[in-house]
Amino acid sequence: MNRKTLILLLPITIVLAAAVLWLTLFSPSRSSGENIVLKAADDHELTYPTTQGLIKMGDLLKEWTHGRITVQVYPSAQLGSEKETIEQTQLGAIDINRVNINPLTQTEPSLKVFSLPYLFRDAEHMHKVVDGPIGRELMDKLKSSDLIGLGYYDSGQRSFYNSVHPIRRLSDLEGLKIRVQKAEIMQDLVRAVGAEPIRLAFEEVYTGLQTGVIHGAENNYPSWITKGHYEVAKYYSMDAHVRTPEIILFSKKTWDRLSEADQQLIRRAAQESVPYQRKLWQEKVDAAIQKAREAGCEIITDIDISSFRDAMEPVYTSHGKNLTDYIERIRGVE
Ligand code: GTR
């Protein structure tokens, strides 16, 4: 082949290479014939924003792959409580799992930085941190626990609610039995404000409140409402002690068996489901507050927040001591 022919062929070669690359990335249904059904877990019911986020992820994957990759979502803790589903995801029995970061801190302790009281100034600050380099670095650490992090969903703020009386100051928490998630940091946070932490699975909280095994719990407005807790614990005190986000996990066992092109599609679908979930989240919060008001619940906002903040300081000493770099960096995010 002479030089002239080579020069003539070059543009054609480039166009061909680009076409092959495009097909590999965006039309993987052609690169592999095998159908993939991904099993996804969430402990909320089907209409909750997190579960809807997973459904969105599945819809996108189905559309992009012309039905080759689909997601089968199991809502309402059908596949187990959060602690159990995290283990199942590590083993590869569950492929996708949406969990709250608090219980996940038992698996990856550096994630505790997202559970530290009053570290995030507001929702916007939290979004900036988790969507930026800090959020990505912490997700990367999950690999050593056989988990891949794909994105952070909103979970709002967590506050105390109970069946006994309104909580306005620390002394109102004294002697109350408060349910906590399976997370040592949350156990110590509740102890720090003078209450007694009781570890219970999310699914057991309603009965716990009804039978008096616990006097209260702590969670965002939507969870308080959708799980019916407001029916038995009508005092919700907006102390907003943490803004721990939710996370979409993927099993590394499954991940390693997928083609690189499919991995990219899954990442993209998860990322596109994030703004969708966050929009639904805001709507859900508004609806939850309205429902609580209609039901005659009391939402307490005149709270002595600075005393709560001071009382929770020991949580930084015990759980934040190896995380000072992250704490500083998070504080510095404007
Ligand atoms: C909710 C979260 C659930 C679960 C629950 C709990 O806010 O969305 O996944 O962690 O809290 O308190 O157990």
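**View 1. Ser159 within strand S5 of the predicted model**. In this predicted model, Ser159 belongs to strand S5, which spans residues 158-162. Ser159 is buried, because its relative accessible area is 0% and burial is assigned under 20%.

**View 2. The neighbours of Ser159**. Leaving aside residues up to four places away in sequence, Ser159 touches Ala217, Glu218 and Asn219, and also Tyr236, Ser237, Met238, Asp239, Ala240 and His241. Met238, one of these contacts, is 79 residues from Ser159 in sequence, yet the two C-alpha atoms are 5.4 Å apart in space. The side chain of Ser159 also makes a polar contact of 2.5 Å with the side chain of Gln157.

**View 3. The ligand and the residues around it**. The ligand is surrounded by 14 residues, of which His44, Glu82, Arg179, Asn219 and Glu246 come nearest; Asn219 is also among the residues that Ser159 touches. Sorted by class, this shell holds one nonpolar, seven polar and six charged residues. Both domain 1 (32-155 + 244-286) and domain 2 (158-242 + 294-331) contribute residues to the shell, and the ligand therefore lies between them.

**View 4. Polar side-chain atoms beside oxygen atoms of the ligand**. An N or O atom in the side chain of Gln181 is 2.9 Å from an oxygen atom of the ligand, while for the side chain of Arg98 the corresponding distance to a ligand oxygen is 3.0 Å. Ser223 places a polar side-chain atom 3.4 Å from an oxygen atom of the ligand. Of the 320 Å² of accessible area that the ligand has on its own, the protein covers 99%.

Definitions and conventions:
Residues numbered from 1 in each chain as written. Predicted model: local features only at pLDDT ≥ 70, side-chain atom pairs only at ≥ 80, totals over all residues. Heavy atoms only, no water. Near = heavy atom within 4 Å. Polar contact = N/O pair within 3.5 Å; in protein donor to acceptor, adjacent residues only side chain to side chain. Areas by Shrake-Rupley, 256 points an atom, 1.4 Å probe, with all protein chains shown as cover. Nonpolar A, V, L, I, M, F, W, Y, C, P; charged D, E, K, R; others polar. Domains from an automatic or database assignment. Helix = DSSP H or I, 4+ residues; strand = E, 2+ residues; numbered from the N terminus. Buried < 20%, exposed > 50% of the residue type's maximum accessible area, 1.4 Å probe, protein only. Contact = heavy atoms within 4.5 Å.
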